[in-house]
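User: Please take a close look at a single part of this structure, the metal site, and then place that part in the chain as a whole.

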Amino acid sequence: ESQRVYDDSGTKANLFATIGPDTEGGIVLSAHTDVVPVDGQEWDSDPFSVTMKRGRLYGRGTSDMKSFPALFLSMLPQFLTADLHIPVHLALSYDEEVGCLGAPQLIALIKSLGISPSAVIIGEPTEMKVINRHKGVFRFSTTANGLEAHSAYPDRGVSAIFHAADTIHFLNDLSKDLRTRADGIGSFDPPYHTLQVGTLSGGTAANIVPRKCTFGWEVRLIPGGDIHTLVLAPLEHYLDEEVRPLMHKISSHASIRTETVIQIPGLGPEEIPDAENLGRELSGDNGPTGAISFGTE
Ligand SMILES: [Zn+2]
């Protein structure tokens with residue numbers, strides 16, 4: 001049994017397939033089929049073909065994460081002839097690297113099929129260590145819309161850049177505060193919530209009060225941290241109290257708004273760690289379970 005779920009353009013698809021009995025539970029082997037682009041990277045071998053050197057495979061996605069689907073696809077003949085008591089589900093997603101865009105539709109499909117797997121193994125590169133938690137990743141874009149004016153009369157305009165800069169300053173202070181707000185799930189590197197601004201653009205010329213300024217920023221939360229309580233609510237409070245009143249004094253059309261670009265919820269350890277135990281059994285990893293600061297599906 002297999003099904004595809006396409007994206008809106010119809011050019012990318014998730015694939016979901018089930019092998020074995022039509023029963024409750026089962027194990028999902030999950031992989032994303034996309035990789036990051038090679039632009040601007042220095043490669044010693046052709047990234048588009050696999051090269052073996054000193055017992056290692058080199059090529060696009062050999063580590064993250066083409067090898068895992070290659071492995072489980074090579075196991076298909078054995079899965080098909082094995083007398084499986086529970087099903088094995090294969091879940092292949094698109095556009096993980098740009099923000100886990102395919103996975104939500106894949107999850108919706110699994111739900112609509114009435115399937116409730118008991119464990120999911122995601123073959124991200126963790127050097128065969130069992131990882132049972134990762135940080136939540138939240139990406140935002142904030143845009144200030146001000147009012148243009150000649151730079152000789154800045155008080156007649158609303159500087160989108162100054163107001164965006166004040167907001168960035170607030171976020172910088174908030175990022176320091178977030179360091180002290182992490183909860184008890186340890187072994188993350190770094191062991192606290194993080195926030196950083198990654199892009200900034202705005203304005204048209206040095207002698208024009210800028211009409212528009214946009215900055216992109218990201219928050220990574222230890223599982224259990226709530227993005228609204230920790231970040232979005234304090235930000236909106238600050239904007240309502242400190243920024244918007246100043247903007248509106250000059251122009252009622254001026255605004256500053258935040259859009260959510262990516263939302264990947266964090267993963268915390270399970271109370272009954274069936275998946276973790278299975279992973280340990282398969283990999284032989286009997287060390288402490290680990291944590292990663294990147295997000296996955
Ligand atoms: Zn990956």
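Analyst: What follows describes the metal site and then its surroundings in the chain.

The model is a predicted one, and in it the zinc ion is coordinated by His 32 through NE2, by Asp 64 through an OD atom and by Glu 124 through two OE entries, at 1.9 to 2.5 Å. Read along the chain, the donors of the zinc ion follow the spacing H-x31-D-x59-E. Two of these residues tie distant parts of the chain together, since His 32 lies in strand 3 (residues 27–32) whereas Glu 124 sits in the loop between strand 7 (119–122) and strand 8 (131–134), 92 residues apart. Both His 32 and Glu 124 are buried.

As for the geometry, the 4 donor atoms subtend angles of 56 to 142° around the zinc ion, and the arrangement is therefore irregular. To count as tetrahedral, four donors would need all their angles between 85 and 135 degrees. For reference, the ideal angle for four tetrahedral donors at a metal is 109.5 degrees.

Turning to the wider chain, the domain assignment gives domain 1 as residues 2–125 and domain 2 as residues 134–264, and the centres of domain 1 and domain 2, taken over C-alpha atoms, are separated by 35 Å. The C-alpha trace of the protein chain spans about 80 × 45 × 40 Å along its principal axes, and its secondary structure comes to 6 helices and 15 strands. Of the 297 residues, 39% count as buried, and among contacts between residues at least 6 apart in sequence, 77% join residues at least 24 apart.

Elsewhere in the chain, 4 strands form an open, antiparallel sheet in the order 11-13-9-14, with strand 11 (194–202) and strand 14 (255–264) at the edges, each pairing on one side only. Neighbouring strands of this sheet are turned by 20° against each other on average, direction ignored. Strand 11 pairs with strand 13 (residues 212–221) in the antiparallel sense over 8 bridges, and Leu 195 stands opposite Val 219 in strand 13. Helix 4 (residues 160–178) packs on the sheet, touching strand 9 (136–145), strand 11, strand 13 and strand 14, and its direction makes about 10° with that of strand 13. Helix 5 (residues 227–250) also packs on the sheet and touches strand 9, strand 11, strand 13 and strand 14, but the direction of helix 5 makes about 160° with that of strand 13.

Terms used: Residues numbered from 1 in each chain as written. Predicted model: local features only at pLDDT ≥ 70, side-chain atom pairs only at ≥ 80, totals over all residues. Heavy atoms only, no water. Domains from an automatic or database assignment. Pairing = 2+ DSSP bridges. Helix = DSSP H or I, 4+ residues; strand = E, 2+ residues; numbered from the N terminus. Axes fitted to C-alpha atoms, helices over the stretch in contact; angles between N-to-C directions. Contact = heavy atoms within 4.5 Å. Donors = N, O, S within 2.8 Å, 3.2 Å for Na, K, Ca; no water. Tetrahedral: all angles 85-135°; square planar, octahedral: opposite > 155°, others 65-115°. Buried < 20%, exposed > 50% of the residue type's maximum accessible area, 1.4 Å probe, protein only.
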